[in-house]
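User: I am new to this structure and would like to understand the terms applied to it. Please explain the reasoning behind each one.

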Amino acid sequence: MTELSGGPGLPQERRLVTAIPGTKSQELLARKGAAVAAGVGSVLPVFAARAGGGVIEDVDGNSLIDFGSGIAVTSVGSSAEAVVRRASAQLTDFTHTCFMVTPYEGYIAICEELAELTPGDHAKKSALFNSGAEAVENAVKIARAYTKRQAVVVFDHGYHGRTNLTMALTAKNMPYKHSFGPFAPEVYRVPVAYPYRWLNGAENCADEAAAQAIDMISKQVGAENVAAIVIEPVLGEGGFIEPAKGFLPKIVEFARDNGIVFVADEIQSGFCRTGQWFACEDEGIVPDLITTAKGIAGGLPLAAVTGRAEIMDAAHSGGLGGTYGGNPVACAAALGSIETMRELDLNAKAKRIEEVMKGRLSAMQEKFEIIGDIRGRGAMIAIELVQPGSKEPNPSATGALAKACHAAGLVVLTCGTYGNVLRFLPPLVIGEDLLNEGLDILEDVFRPALTPSTRARPVARPAPRT
Ligand code: PLZ
């Protein structure tokens, strides 16, 4: 794999010329503290100046290896040639007219692409929005209009956004929901097949979790009251959980049998991230509706709901929209992003990233007992960190390791309901040398983390609920 895209003149290298953060970043941090609301956090204390390919260059001239892609957004890199070219041309022509006032072709072209790329060969339509949360909210609106039912079923460890309805759909309290209630009604949460933490063992996980979920829906909600079942085919913020094989098909079958709209939230997992256009293809699942955002537009804000034409058409004329939804510059960028994915075969790149990462991480797991689980697909890979000798979550080591990576010039993110998952989401265009250098850094930071204090004997507490 060679460096495929990096913006003009941006060397594809890690380079540390100051401590992290450098003085310019420190100055900006002080201004951030004074001007930006405290609720808006940042993972790293460095401010970006340029980014592209597999690196982010900061205002002090440091160049960091990017294993974050701005949370799975810049799959094609942060300055992909086709994205920059098409978005720039669109900026010159017009920035906005509002699709609800005088429409334009780019919006339609993206809806056509979505119909072609998403699973299933049935008639499909799309509607475009600004953010992932907005797409999920609209998928629920559409499913309710179509079914004339109200209830929405979501899963343990699920994440769907920060707006009022999507906070209700999101599982984790802190930081997403705490102090922000009351939440939207008619939302019901059921178990998901989380193999690593299934009490009866991974081999029983798919069947038991599906049976429990279906039983809860049937007995506590009533299948006939459910408008939509919403699930991430690979759960992102909740810890890169791949539901045990067989679980998703059972849930889909239950939805079909009961006239429930099955919604795949592919906002994080979609657009080549897992080595397929969409993660639900892995088990041959054809969702009724699919929500996308993040990777679709190479960094510009764009989101979509795509699905069966008869469901998408259930909302009355004028019932869906928004001032900026499907902004022309974002649509142009998305066309550039999709063009890049096709031309560079980024599904193949994602699969190669998985091969390299899993190989290296498996070798590390042999040496470092705190790596409890390695999972994920494509360039959506994570390790779950535990107290050695147990499955007790180890969020403090996770945070310390992430910070040590940052200081060494590697951008990594954490996630997981227990805050004990390190996740790796490199741009799919990252060079293999940078990928390996990032993994070298990871390996280096594990060594000091394994001092006797962090290897403390496991605390005898029951495993968390799955
Ligand atoms: N659905 C599956 O992953 C966004 C959120 C980070 P928006 N995930 C990153 C944070 O702390 O806010 C996400 C997702 C899935 C929906 C969303 C929401 O997408 O574009 O952030 O609204």
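Analyst: This is a predicted model. A starting point is P175, which lies in the loop between α6 (164-169) and β6 (187-190).

User: What kind of peptide bond joins M174 and P175, and what is its omega?

Analyst: The bond joining M174 and P175 is a cis peptide bond, with omega about 10 degrees. The peptide bond from I20 to P21 is also cis, and its omega is near 0 degrees. P21 belongs to the segment before α1 (23-35).

User: What is noted about the phi of F271?

Analyst: Phi of F271 is near 55 degrees, a positive value in a residue other than glycine. F271 is located in the loop between β8 (261-265) and β9 (289-292).

User: Why is α7 described in relation to α8 as roughly parallel or antiparallel?

Analyst: Two packed helices are described by the angle between their axes and the distance between the axes. The axes of helix α7 (residues 202-221) and helix α8 (residues 247-257) cross at roughly 25 degrees and come within 9 Å. Angles under 35 degrees count as roughly parallel, and therefore α7 is roughly parallel to α8. The crossing in which α7 passes α8 is right-handed.

User: What makes the term for α3 and α10 follow from their angle?

Analyst: Helix α3 (residues 81-93) packs with helix α10 (residues 328-343) at an angle of about 155 degrees, the axes being 7 Å apart. Angles over 145 degrees count as roughly antiparallel, so α3 is roughly antiparallel to α10. In this pair, α3 passes α10 in a right-handed crossing.

User: Which residues come nearest to the ligand?

Analyst: There are 15 residues around the ligand, and those that come nearest are G132, A133, R162, D265 and Q268. The shell divides into five nonpolar, five polar and five charged residues.

User: How do you know that G132, R162 and E237 make polar contacts with the ligand?

Analyst: The cut-off for a pair of N or O atoms is 3.5 Å. A polar backbone atom of G132 is 2.8 Å from an oxygen atom of the ligand, which is within that limit. For R162, a polar side-chain atom lies 2.7 Å from an oxygen atom of the ligand. In the case of E237, an N or O atom in the side chain is 3.4 Å from a nitrogen atom of the ligand. Each of these pairs therefore qualifies as a polar contact. The protein covers 82% of the 510 Å² of accessible area that the ligand has on its own.

Key
Residues are numbered from 1 along each chain as its sequence is written. This is a predicted model: local features need pLDDT of at least 70, side-chain atom pairs count only at pLDDT 80 or more; totals for chains, interfaces and linings use all residues. Side-chain values use heavy atoms; hydrogens and water are left out. A residue is near a molecule or strand if one of its heavy atoms lies within 4 Å of it. A polar contact is a pair of N or O atoms within 3.5 Å; within protein, one must be able to donate a hydrogen and the other to accept it, and residues adjacent in sequence count only if both atoms are side-chain atoms. Accessible areas come from the Shrake-Rupley method with a 1.4 Å probe; for residues, only the protein chains shown count as cover. Ala, Val, Leu, Ile, Met, Phe, Trp, Tyr, Cys and Pro count as nonpolar, Asp, Glu, Lys and Arg as charged, and the others, Gly among them, as polar. Axes are lines fitted to C-alpha atoms, for helices over the stretch in contact, and angles run from 0 to 180 degrees between N-to-C directions. Helices (H or I, at least four residues) and strands (E, at least two) are DSSP runs, numbered from the N terminus. Angles under 35 degrees count as roughly parallel, over 145 as roughly antiparallel, 65 to 115 as roughly perpendicular and the rest as oblique. A crossing is left-handed if the near helix is turned anticlockwise from the far one by less than a right angle, and right-handed if clockwise.
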